[in-house]
Amino acid sequence: MKTALITGITGQDGSYLGEFLLAKGYEVHGIVRRASMFNRSRIEHLRADPKVYGERLFLHYADLQDVTSLRRIFRDVAPVEVYHLAGQSHVGLSFAVPESTLQEVSVSTLSILEICRDLPVSPRIYHASSSEVFGIPDTVPQDLSTAFRPENPYGCAKVFATSMCRVYRRVHGLFVVSGIAYNHESPRRGENFVTRKIASAAARWHAGDHTPIEVGNLDAARDWGYAPEYVEAFWKMLGRENPEDFVLATGEMTRLRDFICHCFSAAGIDLNFEGQGLEERAVDAESGKEVLRVSERFFRKVDTGNLVGDPSKAKEKLGWKAETRGIRLAEVLVQAEIDAFV
(Lines give C-alpha, C1' and ligand atoms only; values in the text may rest on other atoms or scores of the structure.)
Protein backbone atom coordinates (compact mmCIF):
# COMPACT_ATOMS: atom_id res chain seq x y z
CA MET A 1 0.00 0.00 0.00
CA LYS A 2 1.47 3.34 -1.07
CA THR A 3 1.46 6.18 1.45
CA ALA A 4 0.61 9.72 0.33
CA LEU A 5 0.73 12.95 2.30
CA ILE A 6 -1.52 15.86 1.25
CA THR A 7 -1.16 19.43 2.46
CA GLY A 8 -4.47 21.25 2.05
CA ILE A 9 -6.56 18.07 2.22
CA THR A 10 -9.59 20.06 3.44
CA GLY A 11 -9.55 22.28 0.35
CA GLN A 12 -11.31 21.72 -2.95
CA ASP A 13 -8.46 19.88 -4.68
CA GLY A 14 -7.26 18.14 -1.53
CA SER A 15 -10.65 16.59 -0.79
CA TYR A 16 -11.05 15.25 -4.34
CA LEU A 17 -7.46 14.01 -4.37
CA GLY A 18 -7.95 12.23 -1.04
CA GLU A 19 -10.98 10.40 -2.45
CA PHE A 20 -9.08 9.56 -5.64
CA LEU A 21 -6.05 8.12 -3.84
CA LEU A 22 -8.18 6.13 -1.40
CA ALA A 23 -9.97 4.59 -4.39
CA LYS A 24 -6.54 3.68 -5.77
CA GLY A 25 -5.71 1.79 -2.57
CA TYR A 26 -3.42 4.37 -0.95
CA GLU A 27 -2.99 5.10 2.73
CA VAL A 28 -3.66 8.84 2.84
CA HIS A 29 -2.37 11.31 5.41
CA GLY A 30 -3.56 14.91 5.43
CA ILE A 31 -2.23 17.99 7.17
CA VAL A 32 -4.86 20.24 8.73
CA ARG A 33 -4.75 23.42 10.77
CA ARG A 34 -5.83 23.36 14.40
CA ALA A 35 -8.59 25.93 14.83
CA SER A 36 -11.35 26.72 17.31
CA MET A 37 -13.89 25.88 14.58
CA PHE A 38 -13.47 22.90 12.27
CA ASN A 39 -13.48 23.57 8.53
CA ARG A 40 -13.57 20.02 7.21
CA SER A 41 -16.91 19.86 5.45
CA ARG A 42 -15.31 18.70 2.20
CA ILE A 43 -13.91 15.53 3.81
CA GLU A 44 -16.55 14.96 6.50
CA HIS A 45 -18.00 12.01 4.58
CA LEU A 46 -14.56 10.37 4.71
CA ARG A 47 -14.09 11.11 8.41
CA ALA A 48 -17.53 9.64 9.12
CA ASP A 49 -16.67 6.32 7.47
CA PRO A 50 -15.17 3.96 10.11
CA LYS A 51 -13.74 1.78 7.36
CA VAL A 52 -11.71 4.74 6.10
CA TYR A 53 -10.91 7.18 8.89
CA GLY A 54 -8.30 5.78 11.24
CA GLU A 55 -7.75 2.83 8.91
CA ARG A 56 -6.51 4.35 5.65
CA LEU A 57 -7.08 8.06 6.22
CA PHE A 58 -5.22 9.95 8.93
CA LEU A 59 -5.13 13.66 9.76
CA HIS A 60 -2.24 15.52 11.39
CA TYR A 61 -2.23 18.99 12.94
CA ALA A 62 0.28 21.52 11.65
CA ASP A 63 0.56 24.97 10.20
CA LEU A 64 2.51 25.63 7.02
CA GLN A 65 4.82 27.96 8.97
CA ASP A 66 5.36 25.43 11.78
CA VAL A 67 8.40 23.74 10.29
CA THR A 68 9.17 21.67 13.38
CA SER A 69 5.74 20.00 13.31
CA LEU A 70 5.91 19.54 9.54
CA ARG A 71 9.31 17.89 9.80
CA ARG A 72 8.02 15.52 12.49
CA ILE A 73 4.96 14.56 10.39
CA PHE A 74 7.04 13.91 7.28
CA ARG A 75 9.47 11.79 9.31
CA ASP A 76 6.76 9.69 10.99
CA VAL A 77 4.56 9.21 7.91
CA ALA A 78 7.48 8.56 5.52
CA PRO A 79 5.30 9.21 2.46
CA VAL A 80 6.09 7.82 -0.96
CA GLU A 81 4.21 10.72 -2.56
CA VAL A 82 3.63 14.27 -1.34
CA TYR A 83 0.97 16.55 -2.79
CA HIS A 84 1.57 20.14 -1.72
CA LEU A 85 -1.74 21.90 -2.36
CA ALA A 86 -2.12 24.15 0.70
CA GLY A 87 -1.81 27.93 0.83
CA GLN A 88 -3.78 31.14 0.41
CA SER A 89 -5.13 30.81 -3.14
CA HIS A 90 -7.53 33.74 -3.61
CA VAL A 91 -5.96 36.19 -6.06
CA GLY A 92 -7.98 39.22 -4.96
CA LEU A 93 -7.29 38.55 -1.29
CA SER A 94 -3.56 38.36 -1.96
CA PHE A 95 -3.52 42.14 -2.45
CA ALA A 96 -5.01 42.58 1.03
CA VAL A 97 -2.67 40.07 2.74
CA PRO A 98 0.46 39.97 0.57
CA GLU A 99 2.90 39.02 3.34
CA SER A 100 0.91 36.04 4.61
CA THR A 101 0.27 34.97 1.00
CA LEU A 102 4.00 34.86 0.31
CA GLN A 103 4.66 33.05 3.59
CA GLU A 104 2.05 30.38 2.89
CA VAL A 105 2.78 29.95 -0.81
CA SER A 106 6.50 30.64 -1.21
CA VAL A 107 8.25 29.98 2.08
CA SER A 108 6.17 26.92 2.92
CA THR A 109 7.09 25.32 -0.40
CA LEU A 110 10.77 25.94 0.26
CA SER A 111 10.41 24.43 3.75
CA ILE A 112 8.77 21.30 2.35
CA LEU A 113 11.50 20.92 -0.26
CA GLU A 114 14.14 21.15 2.46
CA ILE A 115 12.30 18.66 4.66
CA CYS A 116 12.01 16.18 1.80
CA ARG A 117 15.68 16.63 0.89
CA ASP A 118 16.67 15.61 4.42
CA LEU A 119 14.52 12.48 4.60
CA PRO A 120 16.32 9.09 4.36
CA VAL A 121 14.25 8.36 1.25
CA SER A 122 12.97 11.42 -0.57
CA PRO A 123 9.34 11.18 -1.69
CA ARG A 124 7.98 12.22 -5.04
CA ILE A 125 6.53 15.72 -4.72
CA TYR A 126 3.68 17.38 -6.58
CA HIS A 127 3.58 21.17 -6.26
CA ALA A 128 0.36 22.98 -7.17
CA SER A 129 1.40 25.92 -9.33
CA SER A 130 -0.99 28.30 -11.08
CA SER A 131 -1.66 30.02 -14.39
CA GLU A 132 -1.25 33.28 -12.44
CA VAL A 133 2.51 32.89 -12.95
CA PHE A 134 1.94 34.05 -16.55
CA GLY A 135 0.07 37.25 -15.62
CA ILE A 136 -0.44 39.13 -18.87
CA PRO A 137 1.38 36.80 -21.27
CA ASP A 138 3.01 37.57 -24.60
CA THR A 139 1.76 34.36 -26.17
CA VAL A 140 -1.66 32.73 -26.43
CA PRO A 141 -2.10 29.92 -25.50
CA GLN A 142 0.58 29.50 -22.85
CA ASP A 143 2.91 26.54 -22.48
CA LEU A 144 6.09 25.82 -20.52
CA SER A 145 8.12 28.10 -22.78
CA THR A 146 5.97 31.13 -21.90
CA ALA A 147 7.76 33.67 -19.70
CA PHE A 148 6.58 34.23 -16.13
CA ARG A 149 5.08 37.72 -15.77
CA PRO A 150 2.97 37.73 -12.58
CA GLU A 151 0.62 40.66 -11.97
CA ASN A 152 -0.45 40.03 -8.36
CA PRO A 153 1.10 38.89 -5.05
CA TYR A 154 -0.31 35.38 -5.41
CA GLY A 155 1.23 35.00 -8.87
CA CYS A 156 4.57 36.33 -7.60
CA ALA A 157 4.53 33.80 -4.76
CA LYS A 158 3.79 30.96 -7.18
CA VAL A 159 6.65 32.04 -9.46
CA PHE A 160 9.07 31.73 -6.54
CA ALA A 161 7.69 28.36 -5.48
CA THR A 162 7.64 26.95 -9.02
CA SER A 163 11.17 28.18 -9.68
CA MET A 164 12.48 26.66 -6.44
CA CYS A 165 10.96 23.31 -7.40
CA ARG A 166 12.89 23.45 -10.66
CA VAL A 167 16.09 24.30 -8.77
CA TYR A 168 15.69 21.43 -6.29
CA ARG A 169 14.92 19.02 -9.11
CA ARG A 170 18.00 20.04 -11.06
CA VAL A 171 20.49 20.68 -8.23
CA HIS A 172 19.42 18.25 -5.52
CA GLY A 173 17.90 15.53 -7.70
CA LEU A 174 14.47 15.58 -6.06
CA PHE A 175 11.55 14.11 -7.96
CA VAL A 176 9.47 17.29 -7.78
CA VAL A 177 7.01 18.50 -10.39
CA SER A 178 4.76 21.53 -10.76
CA GLY A 179 1.34 21.40 -12.33
CA ILE A 180 0.66 24.86 -13.75
CA ALA A 181 -3.08 24.52 -13.39
CA TYR A 182 -5.61 26.92 -14.86
CA ASN A 183 -8.87 27.69 -13.06
CA HIS A 184 -10.64 24.49 -12.09
CA GLU A 185 -13.98 24.61 -10.34
CA SER A 186 -16.43 22.34 -8.54
CA PRO A 187 -19.36 22.36 -6.11
CA ARG A 188 -16.70 22.34 -3.36
CA ARG A 189 -15.26 25.68 -4.46
CA GLY A 190 -15.26 28.35 -1.76
CA GLU A 191 -18.22 30.72 -1.83
CA ASN A 192 -15.90 33.70 -2.28
CA PHE A 193 -14.92 32.44 -5.76
CA VAL A 194 -16.96 33.83 -8.63
CA THR A 195 -17.98 30.50 -10.21
CA ARG A 196 -19.51 29.22 -6.97
CA LYS A 197 -21.12 32.62 -6.36
CA ILE A 198 -22.83 32.58 -9.77
CA ALA A 199 -23.89 28.92 -9.65
CA SER A 200 -25.34 29.44 -6.18
CA ALA A 201 -27.22 32.55 -7.32
CA ALA A 202 -28.72 30.67 -10.28
CA ALA A 203 -29.89 27.87 -7.98
CA ARG A 204 -31.41 30.34 -5.50
CA TRP A 205 -33.22 32.14 -8.33
CA HIS A 206 -34.56 28.77 -9.48
CA ALA A 207 -35.78 28.15 -5.91
CA GLY A 208 -37.58 31.49 -5.75
CA ASP A 209 -35.00 33.72 -4.07
CA HIS A 210 -34.73 36.66 -6.46
CA THR A 211 -32.06 38.63 -4.61
CA PRO A 212 -29.69 40.28 -7.13
CA ILE A 213 -25.95 39.71 -6.88
CA GLU A 214 -22.98 41.88 -7.77
CA VAL A 215 -20.05 40.82 -9.93
CA GLY A 216 -16.98 42.45 -11.40
CA ASN A 217 -15.65 42.69 -14.95
CA LEU A 218 -18.04 40.80 -17.25
CA ASP A 219 -15.43 40.79 -20.00
CA ALA A 220 -12.91 38.91 -17.87
CA ALA A 221 -12.19 35.50 -19.38
CA ARG A 222 -10.75 32.34 -17.87
CA ASP A 223 -9.76 28.81 -18.85
CA TRP A 224 -12.25 26.98 -16.58
CA GLY A 225 -12.10 23.23 -15.99
CA TYR A 226 -13.49 20.72 -13.50
CA ALA A 227 -11.46 20.02 -10.35
CA PRO A 228 -12.09 16.24 -10.00
CA GLU A 229 -10.52 15.73 -13.43
CA TYR A 230 -7.45 17.78 -12.54
CA VAL A 231 -6.47 15.74 -9.47
CA GLU A 232 -6.06 12.71 -11.72
CA ALA A 233 -3.43 14.68 -13.63
CA PHE A 234 -1.59 15.40 -10.35
CA TRP A 235 -1.36 11.68 -9.70
CA LYS A 236 -0.31 10.86 -13.26
CA MET A 237 2.53 13.38 -13.04
CA LEU A 238 4.03 11.55 -10.05
CA GLY A 239 3.69 8.19 -11.78
CA ARG A 240 6.05 9.00 -14.63
CA GLU A 241 9.61 7.72 -14.89
CA ASN A 242 11.11 11.20 -15.03
CA PRO A 243 9.91 14.41 -13.33
CA GLU A 244 8.52 17.10 -15.63
CA ASP A 245 6.28 20.13 -15.21
CA PHE A 246 2.96 20.28 -17.08
CA VAL A 247 0.36 22.86 -18.04
CA LEU A 248 -3.07 21.61 -16.95
CA ALA A 249 -5.86 23.39 -18.81
CA THR A 250 -8.89 22.96 -21.04
CA GLY A 251 -7.39 25.02 -23.85
CA GLU A 252 -10.61 27.07 -24.08
CA MET A 253 -11.39 30.50 -22.68
CA THR A 254 -14.85 31.50 -21.46
CA ARG A 255 -15.92 35.06 -20.71
CA LEU A 256 -17.60 35.70 -17.39
CA ARG A 257 -20.69 37.08 -19.18
CA ASP A 258 -21.08 33.83 -21.12
CA PHE A 259 -20.47 31.72 -18.02
CA ILE A 260 -23.23 33.61 -16.22
CA CYS A 261 -25.63 32.97 -19.12
CA HIS A 262 -24.78 29.25 -19.13
CA CYS A 263 -25.35 28.96 -15.36
CA PHE A 264 -28.73 30.66 -15.37
CA SER A 265 -29.77 28.79 -18.51
CA ALA A 266 -28.95 25.55 -16.68
CA ALA A 267 -31.40 26.71 -14.01
CA GLY A 268 -34.08 27.39 -16.66
CA ILE A 269 -33.65 31.16 -16.68
CA ASP A 270 -32.86 33.24 -19.76
CA LEU A 271 -31.03 36.52 -19.23
CA ASN A 272 -30.91 39.80 -21.09
CA PHE A 273 -28.00 42.17 -20.58
CA GLU A 274 -28.59 45.91 -20.53
CA GLY A 275 -26.29 48.94 -20.33
CA GLN A 276 -22.54 49.18 -20.68
CA GLY A 277 -19.52 49.25 -18.40
CA LEU A 278 -20.33 49.87 -14.74
CA GLU A 279 -23.97 50.43 -15.72
CA GLU A 280 -24.36 46.97 -17.20
CA ARG A 281 -26.78 44.56 -15.57
CA ALA A 282 -28.62 41.33 -16.34
CA VAL A 283 -32.36 40.86 -16.03
CA ASP A 284 -34.64 37.83 -16.15
CA ALA A 285 -35.97 37.80 -19.75
CA GLU A 286 -39.38 36.61 -18.53
CA SER A 287 -40.06 38.79 -15.49
CA GLY A 288 -37.72 41.72 -16.17
CA LYS A 289 -36.38 41.44 -12.60
CA GLU A 290 -32.76 42.41 -12.05
CA VAL A 291 -30.59 39.34 -11.59
CA LEU A 292 -27.15 40.89 -11.27
CA ARG A 293 -25.35 44.17 -11.58
CA VAL A 294 -21.73 45.18 -12.14
CA SER A 295 -19.88 46.60 -9.14
CA GLU A 296 -16.51 48.29 -9.26
CA ARG A 297 -15.53 46.82 -5.89
CA PHE A 298 -15.28 43.37 -7.48
CA PHE A 299 -12.82 44.51 -10.17
CA ARG A 300 -9.23 43.38 -9.61
CA LYS A 301 -6.58 46.04 -9.14
CA VAL A 302 -4.75 44.46 -12.08
CA ASP A 303 -6.53 41.81 -14.11
CA THR A 304 -4.66 39.12 -15.96
CA GLY A 305 -5.56 38.74 -19.61
CA ASN A 306 -5.71 36.04 -22.28
CA LEU A 307 -4.89 33.27 -19.82
CA VAL A 308 -5.59 30.06 -21.70
CA GLY A 309 -3.35 27.04 -21.46
CA ASP A 310 -1.96 24.70 -24.08
CA PRO A 311 -2.73 21.20 -22.72
CA SER A 312 -1.13 19.32 -25.62
CA LYS A 313 1.86 18.07 -23.59
CA ALA A 314 -0.44 16.68 -20.89
CA LYS A 315 -2.52 14.92 -23.53
CA GLU A 316 0.54 13.46 -25.25
CA LYS A 317 2.61 12.38 -22.22
CA LEU A 318 0.00 11.86 -19.49
CA GLY A 319 -2.94 10.73 -21.59
CA TRP A 320 -4.93 13.40 -19.77
CA LYS A 321 -7.57 15.74 -21.15
CA ALA A 322 -10.00 18.11 -19.45
CA GLU A 323 -13.43 16.89 -20.53
CA THR A 324 -15.80 19.14 -18.53
CA ARG A 325 -15.74 22.77 -19.66
CA GLY A 326 -17.94 25.68 -20.73
CA ILE A 327 -21.65 24.84 -20.85
CA ARG A 328 -21.14 21.38 -19.34
CA LEU A 329 -19.21 22.82 -16.38
CA ALA A 330 -21.98 25.35 -15.75
CA GLU A 331 -24.56 22.55 -15.79
CA VAL A 332 -22.61 20.47 -13.27
CA LEU A 333 -22.10 23.36 -10.86
CA VAL A 334 -25.69 24.60 -10.99
CA GLN A 335 -27.24 21.16 -10.68
CA ALA A 336 -25.17 20.51 -7.54
CA GLU A 337 -26.43 23.79 -6.05
CA ILE A 338 -30.06 22.97 -6.96
CA ASP A 339 -29.71 19.50 -5.42
CA ALA A 340 -28.44 21.10 -2.22
CA PHE A 341 -31.79 22.90 -1.86
CA VAL A 342 -33.73 19.62 -1.96
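How many aromatic pairs does a search of the whole structure find? The search finds 7, and two of them are described below alongside salt bridges, charges over rings and strand pairing. Please keep in mind that this is a predicted model. A good place to start is strand β5, where 6 of the 7 residues are buried.

**Strands around β5**

- β4 pairs with β5 in the parallel sense, over 4 bridges.
- On its other listed pairing, β5 runs parallel to strand β6 (residues 176-181), with 6 bridges between them.
- Within that β5 and β6 pairing, His127 stands opposite Ser178 in β6.
- From β5 the chain passes through α6 to reach β6, a β-α-β crossover that is right-handed.
- In the β4 and β5 pairing, Tyr83 has Tyr126 of β5 opposite it.

**Aromatic pairs**

- Across the structure, the total is 7 aromatic pairs.
- One of them joins Tyr83 and Tyr126, with 6.3 Å from centre to centre and 40° between the planes, a tilted arrangement.
- Because Tyr83 belongs to strand β4 (residues 81-84) and Tyr126 to strand β5 (residues 124-130), this pair ties together parts that are 43 residues apart in sequence.
- Are these two tyrosines buried or exposed? Tyr83 is buried at a relative accessible area of 0%, and Tyr126 is buried as well, at 0% relative accessibility.
- Another pair is made by Trp224 and Phe259, whose ring centres are 4.8 Å apart with planes at 40°, so this pair is tilted too.
- Trp224 sits in the loop between β9 (221-222) and β10 (225-226), while Phe259 is part of helix α9 (residues 256-266), so the pair ties together parts 35 residues apart in sequence.
- Trp224 is buried, its relative accessible area being 5%, and Phe259 is buried at 1%.
- Ring pairs also build a cluster, which links Tyr83, Tyr126 and Phe234.

**Charges over rings**

- Arg124 lies over the face of Phe175, 3.9 Å from the ring centre.
- Arg257 places its charged end over the ring of Phe273, at 5.9 Å from the centre.

**Salt bridges**

- How many salt bridges does the count come to? The count is 27.
- Arg188 and Glu19 form one of these, with their closest N and O atoms 2.8 Å apart.
- Since Arg188 lies in the loop between β7 (184-185) and α7 (194-206) and Glu19 in helix α1 (residues 12-23), this salt bridge ties together parts that are 169 residues apart in sequence.
- Glu19 is partly exposed, with a relative accessible area of 24%.
- Arg166 forms a salt bridge with Asp245, and here the closest N and O atoms are 3.3 Å apart.
- Which parts of the chain does that pair tie together? Arg166 is in helix α6 (residues 153-171) and Asp245 in the loop between α8 (227-238) and β11 (246-248), so the two parts are 79 residues apart in sequence.
- Arg166 counts as partly exposed at 28% relative accessibility, whereas Asp245 counts as buried at 6%.
- Arg257, the residue whose charged end sits over the ring of Phe273, also forms a salt bridge with Asp219, the closest N and O atoms being 2.8 Å apart.
- That salt bridge links distant parts of the chain, with Arg257 in helix α9 and Asp219 in the loop between β8 (213-215) and β9, 38 residues apart.
- Asp219 is partly exposed, at a relative accessible area of 41%.
- Salt bridges with shared partners also join Glu214, Glu274, Arg281, Glu290, Arg293 and Arg297 into one network.

**A loop residue to look at**

- Asn39 is found in the loop between β2 (27-32) and α2 (44-47).
- Asn39 is exposed, because its relative accessibility of 54% is over the 50% cut-off.
- Asn39 and Gly11 have their C-alpha atoms 9.2 Å apart in space, with their positions 28 residues apart in sequence.

Key
Residues are numbered from 1 along each chain as its sequence is written. This is a predicted model: local features need pLDDT of at least 70, side-chain atom pairs count only at pLDDT 80 or more; totals for chains, interfaces and linings use all residues. Side-chain values use heavy atoms; hydrogens and water are left out. Rings of Phe, Tyr and Trp (its six-membered ring) pair if their centres lie within 6.5 Å; planes under 30 degrees apart count as stacked, over 60 as edge-to-face and the rest as tilted. Buried means under 20% relative accessible area, exposed over 50%, partly exposed in between (1.4 Å probe, protein chains only). A charge sits over a ring if NZ of Lys or CZ of Arg is within 6 Å of the ring centre and within 35 degrees of the ring normal. A salt bridge is a side-chain nitrogen of Lys or Arg within 4 Å of a carboxyl oxygen of Asp or Glu. Two strands pair if DSSP finds at least two bridges between them. A crossover is right-handed if, with the strands pointing away from the viewer, the path from the first strand over the helix to the second runs clockwise.
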